[in-house]
Amino acid sequence: MEQFKTHEIKTRFGTFTIEYGELDTAPTYLPEYMVELKFNGTYLGHTIITGDPRDLDKRAIATIFNTTQQRDNAIVELS
């Protein structure tokens, strides 16, 4: 995740760290964007959005992973 950007949010409860960036995919695969969330260095989960950003106003799939790597899918709108 070296190519990812990192943003920290300091609160009175602790520090949230958000890492985000586009994942490398093969030429025939749809582009993917990942956001990972940590709290005080503890991994909380990450989300991968899969869809073509050139298709604005179209739908993409957001796959949400938690600490046990269970996943849920949601449909999101690209804009």
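How do strand 3 and strand 4 pair, and over how many bridges? In this predicted model, strand 3 (residues 32-39) and strand 4 (residues 42-50) run antiparallel to each other and are joined by 8 bridges. Within that pairing, Glu 32 has Thr 50 of strand 4 as its bridge partner. The hairpin that the two strands form has 2 residues between the strands, and Asn 40 adopts a positive phi near 50° there.

Strand 4 also has a partner in strand 5 (residues 59-65), again in the antiparallel sense, with 5 bridges. Here Thr 50 stands opposite Ile 61 of strand 5. Thr 50 is thus a handy residue to pick out on screen: it is the bridge partner of Glu 32, and it faces Ile 61.

Now for the chain as a whole. There are 6 strands and 0 helices, giving the order β-β-β-β-β-β from the N terminus. Along the principal axes, the C-alpha atoms fill a box of roughly 40 × 25 × 25 Å. Of the 79 residues, 23% are buried. The chain exposes about 6000 Å², and carbon and sulfur atoms supply 53% of that area. If you count contacts between residues at least 6 apart in sequence, 11% of them join residues at least 24 apart.

Charges deserve a look too. The chain has 8 positive and 12 negative charges, and the mean positions of the two sets lie 6 Å apart. Side chains of opposite charge can pair when their charged atoms come close. In this chain the count of salt bridges is 5, including the three in the table.

| Salt bridge | N to O distance |
|---|---|
| Lys 10 and Glu 8 | 3.5 Å |
| Asp 52 and Arg 54 | 2.6 Å |
| Glu 77 and Arg 59 | 3.1 Å |

The settings of these partners are worth comparing. Lys 10 is exposed at 64% relative accessible area, while Glu 8 is partly exposed at 46%. Asp 52 has 14% relative accessibility and therefore counts as buried, whereas its partner Arg 54 is exposed at 70%. Glu 77 belongs to strand 6 (residues 71-77) and Arg 59 to strand 5, so their salt bridge ties together parts that are 18 residues apart in sequence. Both ends of that link are exposed: Glu 77 has a relative accessible area of 51%, and Arg 59 has 62%. Elsewhere, Glu 19, Glu 36 and Lys 38 are joined into one network by salt bridges that share partners.

Note on methods. Residues numbered from 1 in each chain as written. Predicted model: local features only at pLDDT ≥ 70, side-chain atom pairs only at ≥ 80, totals over all residues. Heavy atoms only, no water. Pairing = 2+ DSSP bridges. Helix = DSSP H or I, 4+ residues; strand = E, 2+ residues; numbered from the N terminus. Buried < 20%, exposed > 50% of the residue type's maximum accessible area, 1.4 Å probe, protein only. Contact = heavy atoms within 4.5 Å. Areas by Shrake-Rupley, 256 points an atom, 1.4 Å probe, with all protein chains shown as cover. Lys, Arg positive; Asp, Glu negative; His and termini not counted. Charge placed at Lys NZ, Arg CZ, Asp CG, Glu CD. Salt bridge = Lys/Arg side-chain N within 4 Å of Asp/Glu carboxyl O.
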